Amino acid sequence: MRTLLQQQHADRQQQSDVIGDVPAADGTVRPEPMASTATGLRVSGDDNLQSMLVGTVMRKIKSRTWKKQRYFKLQDDGTTIWYKSKKAGNAHSTFSVSDVEAVREGHQSEVLLSIADEFPADRCFTLVFRGRRGNLDLVAESAEEAQSWIKGMRKLMENLENMGEREKLDQWICDWFKKADKNHDGRMNFKEVQDLLKMMNVDMNEHHAHRLFTMADKSQSGTLEDDEFVLFYKMLTQREDVLRVFQEYSADGQKLSEGDLEDFLREEQLEGDDVQQHVQQVIDRYEPSDTAKLLNAMTFDGFLMYLGSAEGSIFNPQRRRVFQDMNQPLCHYFISSSHNTYLMEDQLRGQSSVEGYIRALSRGCRCVEVDCWDGTSGEPIVYHGHTFTSKILFKDVVTAVGNYAFKVSEYPVILSIENHCSVEQQRVMAQHLNNILGDKLLRRTLDGKVPVGLPSPQDLRGKILVKAKKIGGLEGTFSGMGEDPLTGEVSDEDEAAEIDEDNLHRESVRRRVKRSKQRLSKELSDYVIYCKSVHFSSFKHSRIHSKFYEVASFTESKARKHLKETGVDFVHHNSRHLTRVYPTGFRTDSSNFNPQEMWNAGCQIVALNFQTAGEAMDLNDGLFSQNSGCGFVLKPGFMREAERRFDPEAPQNRAGYRPIVLTVQVISGQQLPKVNIKEDSIVDPLVRVEIHGVPVDQNKQETRYIDNNGFNPVWYDTLRFTIHSPELALVRFVVEDYDKTSKNDFVGQFTLPLSCMQQGYRHIHLLSRDGTSIPPSSLFVHIRISELD
């Protein structure tokens, strides 16, 4: 990094032109003011925000017995909430508005529901944080104060959402300034700057750091104030990698004319027909200089803004909206699915919570699992049976699902019910489903006639489907035939039995599993329309006897066995039926299997433990990040058509086989987060590119690691992959902190379908282990996709 910066200052004295400073009336160049001033303007005209700036005493609630008063206040930056205990002296905490995902009004958390008799709903609200951080439940002194904070928080979140790229970056600079300004005097001495460089993952020798510090200290005061710090930061973050591309296409090295930009978009970004029209849009959207806009040109600063935007990212924005055909049968889609959705932790002693359902549905999950058991007082409960997990009421789960099912997606939600209840409590379950869900509950076939196939996500918009055991078949509902009108018996097919069978194969449990008969209530059975849970015998039996509305469930190990032995038959089965795959009973820690294996077989309902971060959830988030994150992704054509025989083990044998070559040049990284809490530790980053797809496509390659530079490492390393089934491939970019003596530390990742990838020079905006964004951390890459010769 030092050599780049030194060379930059030696080669060019026109730094201010390149970094986008604002020329003053007298012709001198001054850096732009920090973001806090802009944020301040947005705060000033709003009564709710003014009230938040003054501060409020509210109760922080952790349980029925833990209710403590805290003083909450919005900081002057308009993006940080500060709070402290009235009794704990100076102890205080802060959190950023950007960490808050949602504000819920009233008793919309278990904690606040537990104190509903003590505090009215109009004084209560919940702040929900991104990732896996716990909620903050608050009770204001009055309904007016609660509303002031609810509306104020939503306004601040909206402000952040609407920030331009430049404002976001300025805000980030501002945050660093505050962290480093230890004595809070609004200026930074050289020692504070040195500490800041370590915090920012920069390893720079003292002489060079001092030289930059002196250049930025225009007032020669020996300290950096707001605008001087912005200048220092911009000198520090010179993008030589982007400048190289800019100068390659710029005729005069100073700007991109319309023709220059058109060449770049056509030759590098591989944009097609209406590229001339797009040139003008890019200049209008990203060029900060009005002078350049008048010349129909783009400065380096505008070019950088374009490359850092959603349009310049690796993920094709056109694929972010619903772009797929949503009118095909349900079995033609991969469906985002959760396992034991009520669990927040492990499978043995973990907490059960309606929060699990809210979080899964808020992430676009469309199939949630409910394990139902007889509870006291005639109320069914939900928990992981025969374990020490805590218990919650079935009716509370149904309420949460009803409230959150369609917040992020209008397409159907499947309630996958594991029914262990008595007939009496099954009737209570049916009543709750009917009374709480109302018209959202699918009670009968869509047109009231005997169906001949599964409906589509489009047909089922706004509907909640019950997947469970059923008395008889769907046809009997129409003929008036069926079992005893009150109850019927069915074979006991559920996860517990499947898991015990799985254990038998491994000889870890030596008792026989009896397929007992279970009595079902007709009321609950009648709500099972298109998703009847059945035992799976064989693919041959299924071809001859199975009905389109029957759903088989497999443990991951059984699914894997079928995939290896008869993969073609498995794919064929899944072209006509829904299949659910769930983690084996040995995963008591709520770990996940690799879902890609199951998607390779066309399995639709691949149920994962959403509460557990890691590679499996990265792949799930990556697959379902397309199509507006609606929870349904259309399977490739060769997996939907029953007459086509696709073998995931031999993709080259299918009609229309066209392998491709993916070439990834990893150029540089920007502001990678620190992962080691030791103050002197600096990241040694490497990038691994992983291909997840059919077995022959599974591959991973790494760049070399860069010593002591997490701030702006530069690689220019090229990785190449041959991919035989590009339609099924996911690409995962992982950044790690290299360690020669122990396991590398995870820094960030980004996963996307190969089909959603944009070619050319692109930024990859990294995500944390939780799948939440960590701006402005990114990778800069060049992507090419070509047919295999």
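Select first the open sheet of seven strands, whose order is E6-E5-E4-E3-E9-E8-E7 with antiparallel pairing; strands are DSSP runs of at least two residues (E), and helices are runs of at least four (H or I), numbered from the N terminus. Two strands pair if DSSP finds at least two bridges between them. Strands E6 (92-96) and E7 (100-105) form the edges; each has a single partner strand, so one side of each lacks a neighbour in the sheet.

This is a predicted model, in which local features need pLDDT of at least 70 and side-chain atom pairs count only at pLDDT 80 or more, while totals for chains, interfaces and linings use all residues. Residues are numbered from 1 along each chain as its sequence is written, and side-chain values use heavy atoms, without hydrogens and water.

Within the sheet, select E3 (residues 56-61) and E4 (residues 67-74), which pair in the antiparallel sense over six bridges. Val57 has Tyr71 in E4 as its bridge partner.

Move next to helix H9 (residues 206-216), where His208, Ala209, Leu212, Phe213 and Ala216 are buried (under 20% relative accessible area; exposed is over 50%, partly exposed in between; 1.4 Å probe, protein chains only). On the other side of H9, Glu206 and His207 are exposed.

Then select His572 in helix H23 (residues 556-574). His572 counts as buried because its relative accessibility is 12%. Beyond neighbours within four places in sequence, His572 is in contact (heavy atoms within 4.5 Å) with Arg543, Ala642 and Arg645.

Finally, colour the protein chain by pLDDT, the predictor's confidence in each residue from 0 to 100. The chain averages 87, and 88% of the residues score at least 70.
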